[in-house]
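Here is a briefing on a two-chain model. Look over the sequence and the coordinates before reading on.

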Amino acid sequence: MAYLALALGLALPWMLGFALLCACDWPAGSAVTERGAAGGTALRLGYGYIVGLLLLTLWMRVLSFAGISLGRLSIGVPLLALAAALLAWARRRQRIPLQALRAAPRVLLAPPLSGWQRVAWRLLSCWLALRFALLAAEVAWRPLYPWNAWVEWATKARVWYELGRIVPFVNADAWLAGAGAAGAYFDASPNYPATVPLLQVWSCIALGRWDDSAMNWPWPLMLLALSLCVYGALRDAGLPLLGALVGAYLVASLPLLDVHVALAGYADLMMACVYTLSALAFYRWTLDRDRRDAALALLLALACPLIELPGVIWAATLLPGAVIALLPRQGPRLVALGFGVAALVLLFLAQSSPLILGHSLHVDFEPPWRSLAEAYFLFANWHLLWYAVAALSIIGARRLARPPLVALTAVVVSGLAFLGVVFTLTNLAAWMADFTAVNRATLHLAPLLVMLCVLLWRELSQARPAAVAPVALATADA
Amino acid sequence: MPVSSAPPATTPAAASKRVRSASLGALALGVVSCVLGYLVLAVPGAWFGAAPQLQWTGRELSLTRGAGGFTAGAMALIAPDATRTVVVSLHTTLRAQDYPVVAWNVTAIPDGVEAALLWYNDLQPSRLFSRPLTVEAGRIAPALLRADPHWIGRIDGLALVLRGSFAEPITVHGVAARPMSAAQVLGDRLGEWLAFEPWNGASINTLTGGADAQDLPLPILLAAVVGVAALAFAALARWKPEVLGPAQGSVIAAFFVAAWFILDARWQWNLVRQVEGTYRQYAGKSWQDRHLAAEDGPLFAFIEKVRAKLPAPPVRVFMVADAHYFRDRGAYHLYPYNVYFDPWSNTTPPSSAVHAGDYLVVYQRRGVEYNAAEQSLRWDGSPPVKAELVLLDGPGSLFRIL
């Protein structure tokens, strides 16, 4: 019974987010158009979960602020009612893709493919299903394991769950000076945002008891949602069924992403999901200029700082892309100028070692490149992602600098520049030697990098000039 | 729609067959050239017809200097001698020419401990030869001795020397003299790639992809194979554009996805083995029992006893322990009590910050003194405070500040 309640609790944010997106008819025309049928439903389902998680935690903050105890009734009933109302409203306007939802299992089990493609689809689907099952088994059985999960995230979850409200966490000096006696708590990172602990609190509330394994069920669901979004976005971009599934597989099989599901409890996976979804919504907006895409991109970008402190920087990496999208002619020059000015400002600031987001800037002329190369190219963290990035950035440099990819490229380059600053100009560089920081910082950008690589590959494939044999054309026509 | 008035040079099926043949040929070229290239660099002796590998377990070795003992087929080195040296030796009768590599299987070598290989041969039996060994990730890298002018004749004795201090035991699993034929080199690499990599404290940050130390990481080999195959296919497509040109992108993408899948199969296989272990350790248990079965089970059991003695939350509780892990993990188990601990260094709270009604949990912490007769508690030389011993259980204790 408890696990049924947990399942319903996990389904609630999914239903809420899905209902909201249906009500907004996002992506545009998903329920009725051919393009919508291709990827829209997967996008709605994927985005729906992440959006629902954010809404859930915002509602929990509101309740706590209002002095209302966090519980099944106070959280579940209003959100369920809201989801039902949104669904009913969407249904009246025929915005629920019922046909696509009914067709989804059929497409999954018997895709409209022939020959080896059908076999490949089934094998890959089974492979992914096995991967998710293995990750889910780890989440279900393993007690909270990774260090930071129990020293800076679940600490808050345990306190807030047991007390039924959000209470402040303060730093050591404040706690010892008397805040502790006044009811404030302390942990290793008292200034970290509340979103991730609140997700864990809700899982325990739904379950009806504290359980530091079961509270992490949102993590595999986040990876599932991310995979759906990638699949949907690639279908939406015109990739065939199998191509889109391969793209989703490339993201879902990134080993470090999988580790963050199996050893759940860190905020990095959610950061990666929210940032990637924001960037993909932004990319859709650059293509269609649909305001709903822009609104979604903006809302998800604004949510980034609610997940991790560097989220504010990740959100800011969308700005160069937005400048290029809004000013196609002068934009690239403005962005290049902005990068130059930012580099000069950073180098100037680094002379005096200021603290930014808890990390001190300083110039390091010997950053640990060897550790970076090992982490990206030799170890098993990213499979072949960085080889693909290196090769495609050379082969496809021109395509990256032209529409339709240029705005998304600017976002990714900004993200890479941010990582470059982190690895060379901050004290985090010292943590690169033992790989404490390098991969986790990269994790936030990795799914988007995969997406850009796949989209670029598609652009390059389409760009093949017409040195085409008559046979090939005849085959295509057939 | 008719595309061209020219008659097709061949049928679609034949064209597709050509693309398939060309892509398989390019892939085979990539695999063969990369593997052969690596073997040329890595195989020190004869590729074929080598002598069989010689292997000795830890139990067959002698501890000449230092302290230690045997555990399940291995030798555990507990402490060095007064000169901070440990020597492990064995008698051999192997032909140096046949065995260019000596590989010591030793684990848990801490930073700062230096390793060296000693040997003597039948040509100069009174002379002892030495070669420094490389320590990587707590293990000793295999020593390539083929080019050493003293690695000749019959080797009558081998020894491992470790110099430096160590607190935790070092385990010597054995030693092997390897002929290093092509098959053995490939077998070694395969063994490294498929070695089980269980979860550890660093897994959340990085994955090595098999053994801790690898001579040839699989990603770089597969990337090289894909690179060569892609270049070969691109060259073919340039040569025969009318047959292969349009398929170029798809074929190269297929090479890439296939290589990715091989890496992913290794990762999934590792995950399967990990889940099997996790299942055996935790499945079917309540969340408390899972913690009792975990690495910190004794600590969790102690904290459960502490919780049974504490009044209902929120009470202020101070947690101290020498070990970083115990201090932070103990604090985690104590929430939702209002816990204070030092997450980064082994410090104690100032006694002025501790008030009547607070509690202090001590777990494996030196420097905490309690005088039961006077109910006086002090730590790290700070002024004493009045306290009552509430619980004493093995390495841990709980005090209530009066």
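Domain bounds here come from an automatic or database domain assignment. On that basis, chain A has domain 1 (2–262) and domain 2 (311–462). The model is predicted. The points below go from the chains to their contact, then to buried elements and cores.

**Chain A**

- Chain A holds 23 helices and two strands.
- Of its 478 residues, 54% count as buried.
- Long-range contacts are frequent in chain A: among contacts between residues at least 6 apart in sequence, 73% join residues at least 24 apart.

**The two domains of chain A**

- The centres of domain 1 of chain A and domain 2 of chain A, taken over C-alpha atoms, are 27 Å apart.
- In the contact between them, 15 residues of domain 1 of chain A meet 14 residues of domain 2 of chain A.
- On the domain 1 side, the elements that give two or more residues are α9 (218–236), α10 (241–252) and α11 (255–262) of chain A.
- That side of domain 1 of chain A has twelve nonpolar, three polar and no charged residues.

**Chain B**

- Chain B comes to eight helices and 20 strands.
- Its radius of gyration is 31 Å, well over the 21 Å that the globule rule gives for 402 residues, so chain B is more spread out than a compact globule.
- The C-alpha trace of chain B spans about 105 × 80 × 35 Å along its principal axes.
- Of the 402 residues of chain B, 36% count as buried.
- In chain B, residues 24 or more positions apart account for 68% of the contacts with a separation of 6 or more.

**Contact between the chains**

- Chain A puts 66 residues into the contact, and chain B puts in 63 residues.
- On the chain B side, two or more residues come from each of α1 (12–42), α3 (218–239), α4 (241–244), α5 (248–282), α6 (287–292), α8 (324–334) and β15 (338–340) of chain B.
- The top contributor on that side is α5(B), which gives 16 residues.
- By class, the side of chain B that touches chain A has 43 nonpolar, 14 polar and six charged residues.

**A buried helix, α8(B)**

- Nine of the eleven residues of α8(B) are buried, so this helix is largely enclosed by the rest of the structure.
- The buried residues of α8(B) include charged side chains by name: B:Arg327, B:Asp328 and B:Arg329 are among them.
- B:Phe326, B:Gly330, B:Ala331, B:Tyr332, B:His333 and B:Leu334 are buried too.
- Both chains help to cover these residues: the cover includes α6 (147–163) of chain A, together with α7 (297–309), β14 (316–321), β15 and β16 (359–363) of chain B.

**A buried strand, β14(B)**

- All of β14(B) is inside: six of its six residues are buried, so the strand is largely enclosed by the rest of the structure.
- In a regular strand the side chains alternate between the two faces of the sheet.
- In β14(B) both faces are covered, with B:Arg316, B:Phe318 and B:Val320 buried on one side and B:Val317, B:Met319 and B:Ala321 buried on the other.
- β14(B) pairs with β15(B) in the parallel sense, over three bridges.
- B:Arg316 has B:Asn338 in β15(B) as its bridge partner.

**Nonpolar cores**

- The largest nonpolar core has 229 residues, and A:Val274 and B:Val361 touch the most other members.
- Helix α12 (residues 268–288) of chain A gives the largest share of this core, 14 residues.
- Leaving out residues up to four places away in sequence, B:Val361 touches B:Val306, B:Val317, B:Phe318, B:Met319, B:Gly330, B:Leu334, B:Gly396 and B:Leu398.
- Another core lies apart from the largest one; it has 34 residues, among them B:Ala74, B:Leu77, B:Tyr99 and B:Ala159.

**Strand pairing around β4(B)**

- Strands β3 (residues 67–71) and β4 (residues 74–79) of chain B run antiparallel, joined by five bridges.
- B:Gly68 has B:Leu77 in β4(B) as its bridge partner.
- The hairpin of β3(B) and β4(B) has two residues between the strands, and B:Ala72 takes a positive phi near 40 degrees there.
- β4(B) also runs antiparallel to strand β13 (residues 170–178) of chain B, with three bridges.
- In that pairing, B:Met75 stands opposite B:Val172 in β13(B).

Methods:
Residues numbered from 1 in each chain as written. Chains lettered and ligands numbered in written order. Predicted model: local features only at pLDDT ≥ 70, side-chain atom pairs only at ≥ 80, totals over all residues. Contact = placed C-beta atoms within 7 Å. Helix = DSSP H or I, 4+ residues; strand = E, 2+ residues; numbered from the N terminus. Buried ≥ 20, exposed ≤ 12 C-beta atoms within 10 Å, placed from the backbone. Core = buried A, V, L, I, M, F, W, Y, C linked by C-beta atoms within 7 Å. Rg over C-alpha atoms; globule rule 2.2 N^0.38 Å. Pairing = 2+ DSSP bridges.
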